[in-house]
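Here is a short walk through one protein model, starting from a single residue and working outwards. Keep the viewer open while you read.

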Amino acid sequence: MVREQYTTTTPGTSLERPKNEYVYKIGIYGWRKRCLYLFVLLLLIILVVNFSLTIWILKVMWFSPTGMGHLRVTKEGLRLEGESEFLFPLYAKEIHSRVDSSLLLQSTHNVTVNARNSNGEVTGRLNVGPKMVEFHGQQFQINSKDGKPLFTVDENEVVIGTDKLRVTGPEGALFEHSVETPLVKAEAFKQLRFPAPAFRLESPTRSLSMDAPRGINIRAQAGNIEALSQMDIKLHSSDGVLLLDAETVRLPKLPEGTRGGSGISQGLYEICVCPDGKLYLSVAGVSSTCHEYSRVCQ
């Protein structure tokens, strides 16, 4: 490349003609030019490859203006469809499923749900493990769809708010301490049993009633049965009999009358027994008067 120099003059002026100067060629020639073109071509190839990879990643990851893949960004929050796997803790204010499907939480070890206060302390924890479900908190409560408490547990008591508690196990229910309830009832056509080393029925301020359509059986195989009452104890059978099956029947506190004149009963009665075991009273006399009233045995 040749550089030329021009000089302009005005009429009446004379300038000395410049001397010849060296002429230099500028530019890239030879192997440098070929390296430059090769570098530019390499950059174009890298640009095309990056652009293609970007398009491929967007296509594979399902990027769209509304989200990525099954993850959608809505006004209410994030919507995730299908099955998802979280490798790190998930923090969310609310998690709910679609209207037409259920919410499934699955883990190979356990599923733990923690509730924290403003200081970051855990106030409640639900841990679902392979062998046990644990809950840590001040109170555990199960409500019905109407908001009625069905089951409540705290440090002091366990409250069951249902109208009926049914135990269907073959061994029944085991209570190590006392149970307070207004009614204990067996299922229809089933027996109600209380097998225990020591069993006590008590009503401190009200009455105690035991009703059964096919009979009540009270048995102590290695001990005594006691019935204590401040007032009267009545044994009444409307259609059947009262059977006392024992080697000895004792009435230790019956009044003992003194010997008086004949024909004067002094308000005393004699207990008589029929051959079939029936008991009846007869007016006490100087001698036994059971034979006079033996027509009761007929």
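## Starting at Thr152

Let's begin in strand E9, which covers residues 149-153 and holds Thr152. Bear in mind that this is a predicted model. Is Thr152 buried or exposed? Its relative accessible area is 11%, and the cut-off for buried is under 20%, so Thr152 counts as buried.

What does Thr152 touch, once residues up to four places away in sequence are set aside? On one side of the sequence there are Gln139, Phe140 and Gln141, and on the other Glu157, Val158 and Val159. Take Gln141 from that list: it sits eleven residues from Thr152 in sequence, and the two C-alpha atoms are 4.3 Å apart in space.

## Two partly exposed residues, Thr112 and Val128

Now step back along the chain to strand E5, where Thr112 is found. Its relative accessibility is 40%, and partly exposed runs from 20% to 50%, which means Thr112 falls in that class. Beyond its neighbours within four places in sequence, Thr112 is in contact with Arg125, Leu126 and Asn127. Val133 is 21 residues away from Thr112 in sequence, with 9.9 Å between the C-alpha atoms.

Val128 belongs to strand E6, residues 122-128. Like Thr112, which is partly exposed, Val128 counts as partly exposed, here at 36% relative accessibility. With residues up to four places away in sequence left out, Val128 touches His109, Asn110, Val111 and Val133. As for Val113, it is 15 residues from Val128 along the chain, and their C-alpha atoms are separated by 8.7 Å.

## The second largest pocket

Strand E5 turns up again once you look at the pockets. The second largest pocket holds about 2,200 Å³ of space. Strand E4 (78-80) and strand E5 (111-116) are the elements that give two or more residues to its lining. Which of them supplies the largest share of that lining? That would be E5, with five residues.

In total, 39 residues line the second largest pocket, and Phe86, Leu90, Ile95, Leu103 and Leu105 lie nearest its centre. By type, the lining splits into 17 nonpolar, 13 polar and nine charged residues.

## The helix and what follows

Next comes helix H1, residues 31-60. Does its length come out as expected or not, given 1.5 Å a residue? The 30 residues should span 44 Å, and the end C-alpha atoms are 43 Å apart, so the two values agree. After H1 comes Trp62, which has a positive phi near 55°.

## The whole chain

Zooming out, how many helices and strands does the protein have? The secondary structure comes to one helix and twelve strands. Read from the N terminus, the order is α-β-β-β-β-β-β-β-β-β-β-β-β, with the helix ahead of the strands.

The protein has 298 residues, and buried ones make up 4% of them; Thr152 is one of the buried residues. The contact figures tell a related part of the story. Of the contacts with a separation of 6 or more, 4% are between residues 24 or more positions apart. Finally, the accessible surface comes to about 30,500 Å², and carbon and sulfur atoms account for 55% of that.

Terms used. Residues numbered from 1 in each chain as written. Predicted model: local features only at pLDDT ≥ 70, side-chain atom pairs only at ≥ 80, totals over all residues. Heavy atoms only, no water. 1 Å grid on protein atoms, 1.4 Å probe; cavity = no way out; pocket = protein on both sides within 12 Å on 5 of 7 lines; lining within 4 Å. Points joined across faces, edges and corners; volume = space filled by probe spheres on them. Helix = DSSP H or I, 4+ residues; strand = E, 2+ residues; numbered from the N terminus. Nonpolar A, V, L, I, M, F, W, Y, C, P; charged D, E, K, R; others polar. Expected span 1.5 Å × (residues − 1). Buried < 20%, exposed > 50% of the residue type's maximum accessible area, 1.4 Å probe, protein only. Contact = heavy atoms within 4.5 Å. Areas by Shrake-Rupley, 256 points an atom, 1.4 Å probe, with all protein chains shown as cover.
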